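Colleague: I would like to go through this model with you. Could you put it up so that we may discuss it?

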Amino acid sequence: MSQQYENFTETLAQIMKKIPRKYFIKDKRKAYLSIISTLFFISISLTAIYFLSRWESILKWPLGLFIAWFFMGTAMTGGFDIAHDAAH
């Protein structure tokens, strides 16, 4: 397995020099927009799940409930990603 990497001579510093500098700069606007959009989609998904799963709901639609849970899972994954990055 080590034979596979024998011809690889570049160091991490050389690889990082090839990546444009703009990718290492933190953008506060993009960070806050990401938080706001994640919280927005979590609240929209939670509202949809609430209204689609109520017993007396007019909008009783099983496929809609599935779609709402799909978006909730996706939004919660985004929330986990933001929290995980904040912990670093």
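Colleague: What does the secondary structure of the chain come to?

Modeller: The chain has 3 helices and 0 strands, helices being DSSP runs of H or I of at least four residues and strands E runs of at least two, numbered from the N terminus. Along the sequence the pattern reads α-α-α. This is a predicted model, in which local features need pLDDT of at least 70 and side-chain atom pairs count only at pLDDT 80 or more, while totals for chains, interfaces and linings use all residues. Residues are numbered from 1 along each chain as its sequence is written, and side-chain values use heavy atoms, without hydrogens and water.

Colleague: What share of the 88 residues is buried?

Modeller: Buried residues make up 11% of the 88. Buried means under 20% relative accessible area, exposed over 50%, and partly exposed in between, with a 1.4 Å probe and protein chains only.

Colleague: Which residues make the nonpolar surface patch?

Modeller: Trp61, Leu63, Phe66, Ile67, Phe70 and Phe71 make a patch of about 660 Å². Patches take residues with over 30% relative accessible area and no salt bridge, joining nonpolar side chains (Val, Leu, Ile, Met, Phe, Trp, Tyr) within 5 Å and like charges within 9 Å. The areas come from the Shrake-Rupley method with a 1.4 Å probe, and for residues only the protein chains shown count as cover.

Colleague: Where does phenylalanine 71 lie?

Modeller: Phenylalanine 71 lies in helix H3 and is partly exposed, at 45% relative accessible area. Its C-alpha is 7.5 Å from that of phenylalanine 41, 30 residues away in sequence. Isoleucine 67 also belongs to H3, and counts as partly exposed because its relative accessibility is 34%.

Colleague: Turning to charges, how many salt bridges are there?

Modeller: The count is 1 salt bridge, meaning a side-chain nitrogen of Lys or Arg within 4 Å of a carboxyl oxygen of Asp or Glu. Lysine 18 pairs with glutamate 10, their closest N and O atoms being 2.2 Å apart.

Colleague: Is lysine 18 buried or exposed?

Modeller: Lysine 18 counts as exposed because its relative accessibility is 57%. Glutamate 10, at 31%, is partly exposed.

Colleague: Which helix gives the most to the lining of the largest pocket?

Modeller: H2 does, with 6 residues. The lining has 13 residues, with Asp27, Ala31, Ile82, Asp85 and Ala86 nearest the centre.

Technical notes:
On a 1 Å grid over the protein atoms alone, a cavity is a set of points where a 1.4 Å probe fits but cannot get out, and a pocket is an open set with protein on both sides within 12 Å along at least five of seven lines; lining residues have an atom within 4 Å of a point.
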